[in-house]
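Here is a brisk report on one chain and its metal site. Please have the viewer open while reading.

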Amino acid sequence: MLTDIQDLATKLAPRLIEIRRHLHSHPELSGQEYQTAAFVAGVLSSNGLHVEEGVGKTGVIGELDGTGSDNRILAIRADMDALPIEERTGLDFTSKTKGIMHACGHDIHATVGLGTAMVLADLKEKLPGKVRFLFQPAEEIAQGASWMVQDGAMKNVSAILGLHVFPSIAAGTVGLRYGALTAAADDLEIMILGESGHGARPHEAVDAIWIASQVITTLQQAISRTQNPLRPVVLSIGQINGGRAPNIIADKVELRGTVRSLHPETRANLPHWIENIVASVCDSYGAKYQVNYHQGVPSVQNDYALTQLLQASAEEAWGSDRVQVLPEASLGAEDFSVYLDHAPGAMFRLGIGFKDRSHNYPLHHPLFEVDESAIITGVVTMAYTAYKFWSQP
Ligand code: NI
């Protein structure tokens with residue numbers, strides 16, 4: 001079976017590169033993937049899959065029935081959206097849409113998803129169960145997975161697989177991680193309410209700017225002294241608004257930030273922990289406060305057995321020297337985690353770095369580029385893992 005998959009993928013390579021370049025030059029922003037979705041749906045239906053469009057607003061589902069009697073459904077997820085970045089690569093197939101670029105490799109994800117569907121469609125006589133392909137919109141705004149789930153994309157799904165491109169490992173290599181892969185990403189808003197007054201008479205006012213600065217400093221220090229250093233928490237205040245004039249003491253300051261963590265229990269305690277610190281600083285200096293903590297996407301926690309299956313399949317396909325178990329999780333976020341509330345799953349990192357370049361630009365960079373040979377690595381790894389899934393209990 002592995003040889004069949006490898007032969008089919010190699011035969012498909014020129015077509016897949018064409019697909020990838022088409023998607024790359026026609027990027028669309030989150031929630032506006034109309035052309036991309038129509039294109040994906042066209043390829044899926046011409047390969048004999050049952051296609052449903054408009055799932056999760058601009059998402060597409062393609063279903064492939066195997067011929068066996070296993071009634072489990074395996075889902076494979078690919079995201080499709082691009083970013084508001086002006087591309088500067090100068091490639092022949094550079095973005096044709098000003099100010100929008102596939103700078104996170106979701107064009108590769110969609111292509112690998114389509115390639116996997118084509119390969120498995122060709123081998124469906126040998127597939128014991130059903131494979132459901134989820135082409136998801138709006139990953140970059142961390143909403144597409146929820147939209148898909150709300151529209152029933154995870155109904156009866158037994159397990160889900162996904163991948164994300166990774167520029168810091170070479171094309172041809174696959175990166176894996178057991179347990180936490182990405183962080184939970186939550187939003188934080190803190191309002192400090194003091195009392196206005198003359199800049200010359202601070203004792204008659206409650207200075208919200210000074211108290212806000214104490215809140216920020218205390219939060220940062222408290223992370224290092226009260227959070228378990230082996231369970232990372234990153235709290236970054238990225239926005240601060242307050243004050244009206246240089247000689248007026250501000251009565252109101254708004255702080256907005258992002259909170260990242262890897263461990264679910266750590267995350268569960270963060271709203272309370274933050275509120276306590278804000279309260280103690282504000283109480284000390286006579287300010288009032290409001291804390292709004294919005295839970296965003298959870299951390300991606302890779303299922304042990306499915307990660308093992310990915311590792312075994314990838315090692316069989318490429319040899320163990322081309323499969324890396326990654327030592328570190330990322331504090332970036334990924335809404336693949338939303339699917340994991342409904343079924344176990346695993347996501348791998350697909351190496352896309354050029355071996356002959358000393359520097360590969362990171363994700364979300366206007367010069368970000370992909371070694372396209374990685375498409376076949378992705379397709380074979382995904383298709384073979386999917387095939388082997390059915391032999392698992
Ligand atoms: Ni991405």
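## A helix pair, a metal site and a buried polar cluster

Helix 1 and helix 3 pass each other in a right-handed crossing. This is a predicted model. The two axes come within 9 Å and cross at roughly 145°. Helix 1 spans residues 2-25, and helix 3 spans residues 106-122.

Which residues of helix 1 make the contact? They are Ile 5, Leu 8, Ala 9, Leu 12, Leu 16, Ile 19, Arg 20, Leu 23 and His 24. Helix 3 answers with Asp 107, Ile 108, Ala 110, Thr 111, Leu 114, Gly 115, Met 118, Val 119 and Asp 122. By class, the contact of helix 1 with helix 3 has 12 nonpolar, 3 polar and 3 charged residues.

### The nickel site

Helix 3 also contains a metal ligand, His 106. The nickel ion is coordinated by Cys 104 through SG, and by His 106 and His 164 through NE2. The distances run from 2.1 to 2.3 Å. Along the sequence, the donor residues follow the spacing C-x1-H-x57-H. His 106 lies in helix 3 and His 164 in strand 5 (residues 157-170), so this pair ties together parts that are 58 residues apart in sequence.

Are the histidine donors buried or exposed? His 106 counts as buried because its relative accessibility is 0%. His 164 has 6% relative accessibility, so it counts as buried too.

### Gln 136 and Arg 77

Next comes a pair of buried polar side chains. Gln 136 is in strand 4 (residues 130-136). Arg 77 is in strand 3 (residues 73-79). Gln 136 counts as buried at 0% relative accessibility, and Arg 77 counts as buried at 2%.

What does the side chain of Gln 136 pair with? One polar contact, of 2.9 Å, reaches the side chain of Arg 77. Another, of 2.8 Å, reaches the side chain of Tyr 339.

The surroundings of Gln 136 come from several parts of the sequence. Leaving aside neighbours within four places in sequence, Gln 136 is in contact with Arg 77, Ala 78, Asp 79, Met 80, Gly 144, Ala 145, Met 148, Asp 335 and Tyr 339.

Arg 77 has its own list, again not counting residues up to four places away in sequence. Arg 77 touches Leu 134, Gln 136, Glu 139, Ile 160, Leu 161, Gly 162, Glu 334, Asp 335, Phe 336, Tyr 339 and Met 347. Tyr 339 and Asp 335 appear among the contacts of Gln 136 and also among those of Arg 77. The C-alpha atoms of Arg 77 and Ala 145 are separated by 9.4 Å, although they are 68 residues apart along the chain.

### The end of strand 5

Ala 170 is in strand 5, the strand that holds the donor His 164. Ala 170 counts as partly exposed, because its relative accessibility is 26%. Beyond its neighbours within four places in sequence, Ala 170 is in contact with Gly 351, Ile 352, Gly 353 and Lys 355. Its C-alpha atom is separated by 10.0 Å from that of Val 370, 200 residues away along the chain.

### Two positive phi angles

Most residues other than glycine have a negative phi. Ala 142 has a positive phi, and so has His 364. Ala 142 sits in the loop between strand 4 and helix 4 (144-150). His 364 is found in the loop between strand 16 (345-353) and helix 9 (374-389). Both count as partly exposed.

| Residue | Phi | Relative accessibility |
|---|---|---|
| Ala 142 | about 55° | 35% |
| His 364 | near 70° | 38% |

### The chain as a whole

How many helices and strands does the chain have? The secondary structure comes to 9 helices and 16 strands. The C-alpha atoms fill a box of roughly 80 × 45 × 40 Å along the principal axes. Of the 393 residues in the chain, 52% are buried.

Contacts reach far along the sequence. Among those between residues at least 6 apart, 81% join residues at least 24 apart.

Definitions and conventions:
Residues are numbered from 1 along each chain as its sequence is written. Side-chain values use heavy atoms; hydrogens and water are left out. Donors are N, O and S atoms within 2.8 Å of the metal (3.2 Å for Na, K and Ca); water is not among the atoms, so sites may look incomplete. Helices (H or I, at least four residues) and strands (E, at least two) are DSSP runs, numbered from the N terminus. Buried means under 20% relative accessible area, exposed over 50%, partly exposed in between (1.4 Å probe, protein chains only). Axes are lines fitted to C-alpha atoms, for helices over the stretch in contact, and angles run from 0 to 180 degrees between N-to-C directions. A crossing is left-handed if the near helix is turned anticlockwise from the far one by less than a right angle, and right-handed if clockwise. Contact means heavy atoms within 4.5 Å. Ala, Val, Leu, Ile, Met, Phe, Trp, Tyr, Cys and Pro count as nonpolar, Asp, Glu, Lys and Arg as charged, and the others, Gly among them, as polar. A polar contact is a pair of N or O atoms within 3.5 Å; within protein, one must be able to donate a hydrogen and the other to accept it, and residues adjacent in sequence count only if both atoms are side-chain atoms.
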